[in-house]
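Here are my notes on the chain you sent over. Have a look at the model first, then read on.

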Amino acid sequence: QVQLSESGGGLVQPGGSLRLSCAASGSIASGTIFGIGYMGWYRQAPGKERELVARITPAGLPNYADSVKGRFTISRDNAKNTVYLQMNSLKPDDTAVYYCNAVSGYGTSWGQGTQVTVSS
């Protein structure tokens, strides 16, 4: 089993920055089917469906939602089984609960979510 623990959310003014972190723990066996594959971040705003923000392959190749390209950067530290999301130039539309996601041989795991609020 894989557990995900997120941190770094909060309240920030428009134009500001935040960095989210998500650490995976549990019965992870790197280099096997029970290692961590894709890791990513999703978000869900009130009244909206959960949407992909960014994800990254084990080799470090990222892809982003169009709405965050050029503002957000996803990265990972495989030695620490941790994924990061650096969010710059934040907008009120970025307000949402952000969820960490990881795929492994155990299936898909989700974090508990961390609130990001962009408001003046």
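The points below go from the whole chain down to one tyrosine.

1. Keep in mind that this is a predicted model. What does the chain hold in the way of helices and strands? The count is 0 helices and 11 strands, so reading from the N terminus you simply get β-β-β-β-β-β-β-β-β-β-β.

2. On overall size, the radius of gyration is 14 Å, close to the 14 Å that the globule rule gives for 120 residues, so the chain is as compact as a globular protein of that length. The C-alpha trace spans about 45 × 25 × 20 Å along its principal axes.

3. How much of the chain is buried? The figure is 42% of the 120 residues. Looking at contacts with a separation of 6 or more, 52% come from residues 24 or more positions apart.

4. As for the outside, the accessible surface is about 6200 Å², and carbon and sulfur atoms make up 49% of that. The chain carries 10 positive and 7 negative charges, and the mean positions of the two sets are 4 Å apart.

5. Now for tyrosine 106. Where does this residue sit? Tyrosine 106 is in the loop between strand S9 (96-104) and strand S10 (107-110). Its relative accessibility is 35%, and because that value lies between the 20% and 50% cut-offs, tyrosine 106 counts as partly exposed.

6. One distance to go with that: valine 83 is 23 residues from tyrosine 106 along the chain, and their C-alpha atoms are separated by 18 Å.

Notes. Residues numbered from 1 in each chain as written. Predicted model: local features only at pLDDT ≥ 70, side-chain atom pairs only at ≥ 80, totals over all residues. Heavy atoms only, no water. Helix = DSSP H or I, 4+ residues; strand = E, 2+ residues; numbered from the N terminus. Rg over C-alpha atoms; globule rule 2.2 N^0.38 Å. Buried < 20%, exposed > 50% of the residue type's maximum accessible area, 1.4 Å probe, protein only. Contact = heavy atoms within 4.5 Å. Areas by Shrake-Rupley, 256 points an atom, 1.4 Å probe, with all protein chains shown as cover. Lys, Arg positive; Asp, Glu negative; His and termini not counted. Charge placed at Lys NZ, Arg CZ, Asp CG, Glu CD.
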